[in-house]
Amino acid sequence: MLPTIMGHPFQKNKPLTMKNTIYKQLVAEAKQQLPLEFSALLAGQDQEITAFYPAPVSEHSVDRFTWKPAQFFSTLQKIRHAGLQWQGIIHTHPVTDAFPSSIDVANWHYPMLSYWIISFSTEPETLVLYKIEAGTWEEYPFVIV
Ligand SMILES: [Zn+2]
């Protein structure tokens with residue numbers, strides 16, 4: 001993977017932001033997948049998330065999400081061709097709360113990137129941002145802009 005594709009969303013002097021239009025689209029598409037999980041790669045520049053790239057519906061499940069390597073890398077190519085950087089990932093918890101599962105934590109290998117969970121266990125949904133590193137996670141502030 002080329003270093004230039006990797007974003008640096010966690011910056012000390014600026015909050016991580018997600019465009020409101022992107023968030024609204026994410027929630028709408030994720031709701032269409034219920035009761036299955038939805039996941040997408042997030043892209044943008046600097047500390048801003050400005051685009052998302054959903055996983056194929058066939059790869060969704062009710063209790064975990066996985067990206068096949070070929071799909072993952074072709075999506076990274078799309079992000080690069082759009083002139084953006086990979087900023088992180090988002091997935092839904094259709095019925096559980098917005099905390100990372102043990103599987104979520106074990107399967108995440110990009111501590112420099114943002115890790116978002118939308119939970120539909122609440123109404124309206126809950127969005128939480130995490131930084132997951134070396135088997136531990138912490139919640140991170142963000143701003144919808
Ligand atoms: Zn999860």
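**Helices, strands and a sheet**

Mentor: In this chain you'll find three helices and eight strands. It's a predicted model, where local features need pLDDT of at least 70 and side-chain atom pairs count only at pLDDT 80 or more, while totals for chains, interfaces and linings use all residues. Residues are numbered from 1 along each chain as its sequence is written.

Trainee: What makes something a helix or a strand, and in what order do the elements run?

Mentor: They're DSSP runs numbered from the N terminus: H or I, at least four residues, for helices, and E, at least two, for strands. Here the elements run β-α-β-β-α-β-α-β-β-β-β from the N terminus on.

Trainee: Why is the chain called as compact as a globular protein of that length?

Mentor: Its radius of gyration (over C-alpha atoms) is 14 Å. The globule rule, 2.2 Å times the number of residues to the power 0.38, gives 15 Å for 145 residues, and the two values are close, so the label fits.

Trainee: What is the strand order in the sheet?

Mentor: The eight strands make an open sheet, S7-S6-S5-S4-S2-S3-S1-S8, with mixed pairing. S7 (136-140) and S8 (142-144) are at the edges with a single partner strand each, so one side of each has no neighbour in the sheet.

Trainee: How do you know that S1 and S3 pair?

Mentor: Pairing takes at least two DSSP bridges. S1 (residues 16-18) and S3 (residues 48-54) are joined by two, so they pair, and they run parallel. Thr 17 stands opposite Glu 48 in S3.

Trainee: What share of the chain is buried?

Mentor: Buried residues, those with 20 or more other C-beta atoms (placed from the backbone) within 10 Å of their own, make up 30% of the 145.

Terms used:
Buried ≥ 20, exposed ≤ 12 C-beta atoms within 10 Å, placed from the backbone.
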